[in-house]
Amino acid sequence: MFFRSEPKWEVVEPLKDIGWRIRKKYFLMKIKNQPKERLVLSWADLGPDKYLSDKDFQCLIKLLPSCLHPYIYRVTFATANESSTLLIRMFNEKGTLKDLIYKAKPKDPFLKKYCNPKKIQGLELQQIKTYGRQILEVLKFLHDKGFPYGHLHASNVMLDGDTCRLLDLENSLLGLPSFYRSYFSQFRKINTLESVDVHCFGHLLYEMTYGRPPDSVPVDSFPPAPSMAVVAVLESTLSCEACKNGMPTVSRLLQMPLFSDVLLTTSEKPQFKIPTKLKEALRIAKECIEKRLIEEQKQIHQHRRLTRAQSHHGSEEERKKRKILARKKSKRSALENSEEHSAKYSNSNNSGISALPPPPPPLPPPAAPLPPASTEAPAQLSPQAENGVSRGALLSSIQNFQKGTLRKAETCDHSAPKIG
């Protein structure tokens, strides 16, 4: 459909897998009336961080050819629809900064170019200083304009003579994930696109210095470098302390000794006019991108804490500790129970027999035969007899009662036992 509406372009050949993105395609192009010139067409679908409305998105994509800056690679043509975008730039035989570092051919597939280099060698100190300064200048320009980037890496820096020019400004508008996202999403202090650019610059500087990316980030110690000024910048962007406490600003990096004495000679005046309405749309989209990044960092942090806790409790050493503690606790509990039992037994002995409930009184002997009748008044019974012994006697008397032993007589009952 594109070539029907733009008949002046013609495809020369597809450039298969020259980039790292699976869903981004490249084609070598030419203009029909200028057959010797070569251009590169890139086609990419929308990503997960696309927050611009379709109208604002298409307007901003069409603004990119009007962006003029000495350190931005010029866009020849740009267009977009509701699901993807297409851009055309001039093809550069020299390739990118990554091609220079790895001594690779630009048209070769990405894996062939960079994954098994024949020789690992960094750039000269003066190249590091000059290229680094140029890249920082264009980052500062974009930050001042409020234009989000977040996609800095060596393959997105085109080499034009001794000048570095930034590529793929459209990536942030498309909402594509950054090349280094798996790194900076681990660190909660790297939570703005400005700090993302600074962290990515640290990766790029490391690659320019040592000819390869760092083995892991954060970097505990840096190999010998052409200058201690290089190490100072690397420490401020890739060290444990920097990743934990946050990134410096681009302005702060420009003031550091590695870049502060670099003289830039360019007469091209930067131009990039963004209407106020689109600036506001960019600001909102940038906030949404940062919000999603913060949420992702939070989830990663929680998952890492849970993993560490599970690993700690599941380790052999920790299991042994828990077994030892369980044994100690069991012994302590048994000892406490034994002491408590001993204390109770001792207290009961000290309190004497009186502390125990009194034994029941013995049953009295069977009642004697009734005595002869008497006129004497019955003896006064003590309360103890009334309450205790008399009951036993009465029970015994009832049990042993024989009707035949009774005789008719009027008597006074002296059958109650007497207690002396």
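Student: What makes Lys103 count as exposed in this predicted model?

Tutor: The relative accessibility of Lys103 is 56%, and exposed means over 50%, so Lys103 counts as exposed. Lys103 is placed in the loop between α3 (97-102) and α4 (110-114), and it has a positive phi of about 55° although it is not a glycine. Most residues other than glycine have a negative phi.

Student: Asp168 also has a positive phi, of about 60°, without being a glycine; why is Asp168 called buried or exposed?

Tutor: Asp168 has a relative accessible area of 9%, and buried means under 20%, so Asp168 is called buried. Asp168 lies in the loop between β7 (163-166) and α6 (170-174).

Student: How do you know whether Cys243 is in a disulfide?

Tutor: A search of the whole structure finds zero disulfides. For Cys243, the nearest cysteine sulfur is that of Cys240, 7.1 Å away, whereas a disulfide needs the two sulfur atoms within 2.5 Å, and therefore Cys243 is in no disulfide. Cys243 has a relative accessibility of 3% and counts as buried, because the cut-off is under 20%. Cys67 is buried as well, with a relative accessible area of 2%.

Student: Why is the pair of Phe147 and Phe272 called tilted?

Tutor: The ring centres of Phe147 and Phe272 are 5.6 Å apart, and pairing asks for centres within 6.5 Å, so the two rings count as a pair. Their planes stand at 55°; since stacked means under 30 degrees and edge-to-face over 60, the pair falls in the remaining class, tilted. Both Phe147 and Phe272 are buried.

Student: What makes this pair one that ties together separate parts of the sequence?

Tutor: Phe147 is in the loop between α5 (125-145) and β6 (157-160), while Phe272 is in the loop between α12 (257-260) and α13 (276-314), so the pair ties together parts that are 125 residues apart in sequence.

Student: Which class does the pair of Tyr206 and Tyr210 belong to, and where do these two residues lie?

Tutor: The Tyr206 and Tyr210 rings are 4.6 Å apart centre to centre, with 55° between the planes, and the pair is tilted. Both residues lie in helix α8, four residues apart, which is about one turn of the helix, and both are buried.

Student: What is said of Lys98 and the ring of Tyr114?

Tutor: Lys98 lies over the face of Tyr114, at 5.3 Å from the ring centre, and that distance meets the cut-off of within 6 Å.

Methods: Residues are numbered from 1 along each chain as its sequence is written. This is a predicted model: local features need pLDDT of at least 70, side-chain atom pairs count only at pLDDT 80 or more; totals for chains, interfaces and linings use all residues. Side-chain values use heavy atoms; hydrogens and water are left out. Buried means under 20% relative accessible area, exposed over 50%, partly exposed in between (1.4 Å probe, protein chains only). Rings of Phe, Tyr and Trp (its six-membered ring) pair if their centres lie within 6.5 Å; planes under 30 degrees apart count as stacked, over 60 as edge-to-face and the rest as tilted. A charge sits over a ring if NZ of Lys or CZ of Arg is within 6 Å of the ring centre and within 35 degrees of the ring normal.
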